[in-house]
Amino acid sequence: METVVSGIRSTGKLHLGNYYGALNNFVKMQEQYNCFFFIADLHSLTTHPTPNNLQETVRNVLVEYLAAGLDPEKSTIYVQSDLPEVAELYLYMNMNAYLGELERATSFKDKVRANPDNVNAGLLTYPVLMACDILIHHATKVPVGKDQEQHLEMTRTFGNRFNRMYNVDYFKESFAFNFSNELVKIPGLDGKGKMGKSEGEMNAVYLSDSPETIRKKVMKAVTDGGPTEENQQKPQEIQNLFDLMKLVSTADTLAHFENLYNTCAIRYGDFKKQLAEDMVISTTPIREKITAISADNDYLRKVAKLGADKAHESASKTLKDVREIIGFKSF
Ligand code: TYM
C-alpha cells in the first residue's frame with residue numbers, strides 16, 4: 001500500500017484554501033492509503049510564536065483535522081515536534097542542501113519580500129525539513145495545494161541526492177497529489193490572489209467562521225460593474241467567486257449563475273448570497289464538530305499520543321537505516 005504524508009502549519013485557524021487544497025484530500029485518502037497527517041509546529045517556528053500561541057494553534061489544527069473527518073483509527077495523526085527523529089534527519093539532509101537552490105525557492109523569496117527583517121536560517125532550510133517529513137515515512141503521495149509543488153520537487157532532489165551520495169536506492173520519489181489530478185490554488189475574496197492566512201482577515205473564509213461572518217465576508221467580496229457583452233471573459237475577481245462556487249455549490253447552481261453571467265443578467269447580490277449560503281451549508285457540519293471536539297481534552301490527548309507512538313515506530317526504522325548508511329557505526 002502506498003504511503004501518504006502531509007501536514008499543515010500551526011499558524012492559525014484553517015480556511016477553505018487549506019480545506020479544498022489539502023485537508024479534504026487527506027480525509028478521502030485515509031480510506032485507501034497508509035496515511036500520516038501531522039501538525040507542522042516546527043515549521044511554524046519561523047515566525048516566532050509565543051509559547052501560549054504555539055500551544056493554542058497546534059491544538060486548534062488537531063481539533064480541525066478531526067472535525068473535518070480525519071480518523072485516528074485510519075490515519076496516523078501526530079504533532080511534528082513529537083517526532084524528534086525528523087529533526088535529526090533534518091540535520092543530516094541539511095548537509096546536502098545547497099544555498100543557491102534554497103535561495104531560489106519561490107516560497108523563500110516571497111517570505112523575504114514580505115518580511116525582510118526576519119530572514120532566519122529556519123526559513124531558508126524550510127524545504128529541507130519538509131522533505132524530511134515526507135522521506136521519514138517513505139511517502140510517495142503528498143496531498144498539497146499548488147503552492148507546495150516546488151517543495152515536492154526539492155524533496156525529490158534531496159532524496160535522490162542522498163541516494164547518489166551513498167550509492168543506495170533508499171529514499172523513494174514523492175509527488176504532490178490531488179484527487180482531481182490537478183493541484184489547486186483556491187482564490188480568496190479580495191479579487192487578487194490565493195486564499196491565505198496572511199492576506200487579511202476578510203480574504204479568507206475559515207472552517208470555524210459563523211454563518212453571519214461568512215455572509216458578511218462574501219457580501220464584501222470584490223466584484224466589478226457587471227458584464228456588458230454576452231459570453232465575455234470574466235475578470236479575475238469574478239472568476240475567483242465562480243471558482244469558489246464550483247467548490248461549495250451544486251453543478252446546477254453553478255450552471256444557473258454561469259448562464260446569468262453569460263446573458264448579462266446576473267445580479268451580484270443574488271450570486272453572492274447563494275455563494276455565502278452554500279459555504280455555510282458546506283462548513284456547518286465541520287464547525288459544529290469543532291465546538292464539540294474542542295471541549296474534549298482527554299480525547300485530544302489520546303489522539304496525539306496514539307499518533308506520536310505510531311509515527312515514532314515508522315520514523316525510528318528510517319533513522320536506524322539512515323545512521324547506518326551514513327556510517328555511524330557502534331563499536
Ligand atoms: P500551509 O500550512 O501553508 O498550508 C497547508 C496546506 O494548505 C494548502 N493551501 C492551499 N491550497 C490551495 N489553495 C490555497 N489558497 C491554499 N492555502 C493553503 C497548502 O498548499 C498546503 O497543502 N509547507 C507546508 C506544510 C508542510 C508539509 C510538510 C506539507 C510541512 N511539511 C510535508 C506536506 C508534506 C505548508 O506551508 O502548509
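These legends walk you through three close-up views of a predicted model.

**View 1. The shell of residues around the ligand.** Here 26 residues surround the ligand, and those that come nearest are Arg9, Gly17, Gly21, Val144 and Gly145. Strand S1 (3-9), helix H1 (16-29) and helix H8 (126-135) each contribute at least two residues to this shell. The largest share belongs to S1, with 5 residues. If you sort the shell by class, you will find 11 nonpolar, 10 polar and 5 charged residues.

**View 2. Where domain 1 meets domain 2.** The protein splits into domain 1, built from 3-186 + 296-326, and domain 2, covering 208-291. Their C-alpha centres are 32 Å apart. On the domain 1 side 6 residues take part in the contact, and on the domain 2 side 5 residues do. Look for helix H3 (residues 51-68) on the domain 1 side, as H3 gives the largest share there, 4 residues. That side of domain 1 holds 4 nonpolar and 2 charged residues, with no polar ones.

**View 3. The crossing of helices H11 and H13.** Helix H11 (residues 236-248) meets helix H13 (residues 268-294) here, with axes that come within 9 Å and cross at roughly 40°. The crossing is left-handed. From H11, the contact uses Leu241, Leu244, Met245 and Val248, while H13 brings Leu275, Asp278, Met279 and Ser282. By class, this contact of H11 with H13 comprises 6 nonpolar residues, 1 polar and 1 charged.

How values were computed. Residues numbered from 1 in each chain as written. Predicted model: local features only at pLDDT ≥ 70, side-chain atom pairs only at ≥ 80, totals over all residues. Axes fitted to C-alpha atoms, helices over the stretch in contact; angles between N-to-C directions. Left-handed = near helix turned anticlockwise from the far one by under 90°. Contact = placed C-beta atoms within 7 Å. Nonpolar A, V, L, I, M, F, W, Y, C, P; charged D, E, K, R; others polar. Near = placed C-beta within 6 Å. Domains from an automatic or database assignment.
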